[in-house]
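Biologist: Please bring up the chain we want to discuss. I have a list of questions about its fold and its charged pairs.

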Amino acid sequence: MSDQTPSFPPPTVPAEVAPRLRAGLIAANYTVDGLDEILGDRASAALHRGQPLLALRQVRESAQPAATLARLWVFNDPVAGEDLETALPQVSADELVDAGLVLLVDGQFVGTCDLRPYGEETSQWWVVSDLGENVVDGPLPTSHVLGVGGASSTLASWTPRPGVVKALDIGTGCGVQSLHLAAHTQSIVATDLSQRALAYAQITGALSGLSLDLRLGSLFEPVGDEQFDLVVSNPPYVITPRRDGVALYEYRDGGMVGDGIVQHLVENMADRLKPGGIAQLMGNWETGPGVSGGDKWQTRVSGWVEGSGLDAWIIQRQTQDTAEYAETWARDGGHRPGTAEFEQVYVDWLADFAERGVEEIGFGIITLQKPADDRPAWFSAEAIGHQVASPVGPTILAGLRARSWLAHHDDAEVLSVPWSVASDVTEERTFIPGESDPSAIILRQGGGLRRAIQLDTVMAGLVSALDGELTPDQLISGIALLTEVDADAAKASAMPVLRGLIADGLLT
Ligand SMILES: C[S@@+](CC[C@H](N)C(=O)[O-])C[C@H]1O[C@@H](n2cnc3c(N)ncnc32)[C@H](O)[C@@H]1O
């Protein structure tokens, strides 16, 4: 269906040209900040929403070199030869044409790909991918290589980033996750089923001065029996009907039935992680009478982890019913509602869910960790829909460490540590008018996963007295004496809340 839209071959930038191109992009101030300055907040926000017109107007009105480069490589807007030369004198137009980065059409240059600045606080990178939906007429080709999207940013934000030796980026696409990995990893293996994607990842890496070990193949195939300290994947997890007429977009569809690709990654991850290694994955999962786990998503995903020996922390961020899901993905790739093709694909999607007894789809993030020793693995699956502090990676890493520590220590040991309350924690009490006792006591975490935890008065008393000197053991014994309750029973009933507060970093 969508293979009719022509796409250019991915560029091949010679090793000798890449550093000059990079220097030229920097000199042109074609950076995240440089482009933001030209676009302004309103046009930037519109562009992020997928509406390029305001932003295009801004770059056309600007004489800055970065504006010329954005016209070329973000908006596919033709640029005169002299403007290109002024904006990027470090690389000749002939070299850009030879590299397949631009094309001469009717005496003007047009970009053949999307090449845009990308970065985080301390890093400036450029990401190269296929021209986006905004500038391509009609449906995208099924071999389309995506640029940085919402799921890419979510995974980058949620990935824990300890300094490690060896990382694996499965389904690297344009190479965005590898850029982030480069900041804290000695060597990176980046894989993809698509040769086209690997070509883009190579250029993305080269422009940022990285050398990636790029390998072609499906899922774990290209890495044999190698093991990694960190595995990241924003896999093609979109649940897609396996029917004639429904296009198989490589960037979103792993070719399996239902949520099989995420299941496959989870079930096979243990062998690819070194002891202590971590995997961070994006995923979708199905619930409903026809799938294992029924309407309990936690049961479904726990089935994938069971027996793997891995710790698992799974956070569901949102859900969609099957109709919302079908609408989103039938529309994706530039398909317009109202066309016969859209309607057919939409119907196919709904029929697939109905036939397989699926009612709802969960979206979330899966963190797996291989215990460094023979301690028992832990499992946690929870829904967190609210906004959390970003980047989330440091919180995930701290949470993994705290949970692993807890798995190593029994209740008596936990009770004998002089915990203190983290500095971002506040207590909130609500009162029914006229009452002197609070109707609710809530502990609120300012950062991290922004937990709100309801405490009873005994736990609230305990938490308020934890100042890094006295232990829960001492404090609960004291409270039990005063209130004439059994100290051992009070300690046992405090344990689940106490462990939860430690796991989530409210107590440090
Ligand atoms: C959603 S994109 C993610 C791209 C990029 N890592 C990011 O975070 O934006 C999924 C990528 O997986 C690749 N892919 C599809 N099927 C695959 C498979 N079986 N094995 C490995 N990669 C696959 C696609 O070509 C695509 O580049």
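The questions below go from the overall fold to single residues.

Biologist: How many helices and strands does the protein chain have?
Modeller: Bear in mind that this is a predicted model. Both kinds of element occur in the protein chain. The count is 18 helices and 16 strands.

Biologist: What radius of gyration does the protein chain have, and what would a compact globule have?
Modeller: The chain has 508 residues, and a compact globule with that number would have a radius of gyration near 23 Å. The C-alpha atoms fill a box of roughly 90 × 55 × 50 Å along the principal axes. The value for the chain agrees with the globule figure: it is 26 Å.

Biologist: What share of the contacts comes from residues 24 or more positions apart?
Modeller: Start with burial: buried residues make up 52% of the 508 residues. Now take the contacts with a separation of 6 or more. Residues 24 or more positions apart account for 69% of them.

Biologist: How much of the accessible surface belongs to carbon and sulfur atoms?
Modeller: The accessible surface of the protein chain comes to about 22300 Å². The part that belongs to carbon and sulfur atoms is 51%.

Biologist: How far apart are the mean positions of the positive and negative charges?
Modeller: The chain carries 33 positive and 68 negative charges. Take the mean position of each set. The two means are separated by 1 Å.

Biologist: How many salt bridges does the structure hold?
Modeller: Side chains of opposite charge can pair when their charged atoms come close. Some of these pairs join into a network, one of which links K166, D213, R215 and E226. For the structure, the number of salt bridges is 24.

Biologist: Is D253, the partner of R242, buried or exposed?
Modeller: R242 and D253 meet in a salt bridge, with N to O at 2.5 Å. Both sit in the loop between strand 9 (228-233) and helix 10 (260-267), 11 residues apart. R242 is partly exposed, with a relative accessible area of 33%. D253 has a relative accessible area of 4%, under the 20% cut-off, so D253 is buried.

Biologist: Which residue forms a salt bridge with R243?
Modeller: R243 lies in the loop between strand 9 and helix 10, and its partner is in helix 13 (residues 340-355), so the pair ties together parts 112 residues apart in sequence. R243 is partly exposed at 27% relative accessible area, while the partner is exposed at 60%. The closest N and O atoms are 2.9 Å apart, and the partner is E355.

Biologist: Are R451 and D504 buried or exposed?
Modeller: Their side chains meet in a salt bridge, N to O at 3.0 Å. R451 lies in the loop between strand 15 (440-445) and strand 16 (452-455), and D504 in the segment after helix 18 (487-503), so the pair ties together parts 53 residues apart in sequence. As for burial, R451 and D504 are both buried.

Biologist: Which residues does V97 touch, not counting those up to four places away in sequence?
Modeller: V97 is found in helix 6 (residues 93-98). V97 is partly exposed, with a relative accessible area of 32%. Its C-alpha atom is 9.5 Å from that of G111, 14 residues apart along the chain. With residues up to four places away left out, V97 touches V102 and F109.

Notes. Residues are numbered from 1 along each chain as its sequence is written. This is a predicted model: local features need pLDDT of at least 70, side-chain atom pairs count only at pLDDT 80 or more; totals for chains, interfaces and linings use all residues. Side-chain values use heavy atoms; hydrogens and water are left out. A salt bridge is a side-chain nitrogen of Lys or Arg within 4 Å of a carboxyl oxygen of Asp or Glu. Helices (H or I, at least four residues) and strands (E, at least two) are DSSP runs, numbered from the N terminus. Buried means under 20% relative accessible area, exposed over 50%, partly exposed in between (1.4 Å probe, protein chains only). The radius of gyration is taken over C-alpha atoms; the globule rule is 2.2 Å times the number of residues to the power 0.38. Contact means heavy atoms within 4.5 Å. Accessible areas come from the Shrake-Rupley method with a 1.4 Å probe; for residues, only the protein chains shown count as cover. Lys and Arg count as positive and Asp and Glu as negative; His and the chain ends are not counted. The place of a charge is taken as NZ of Lys, CZ of Arg, CG of Asp or CD of Glu.
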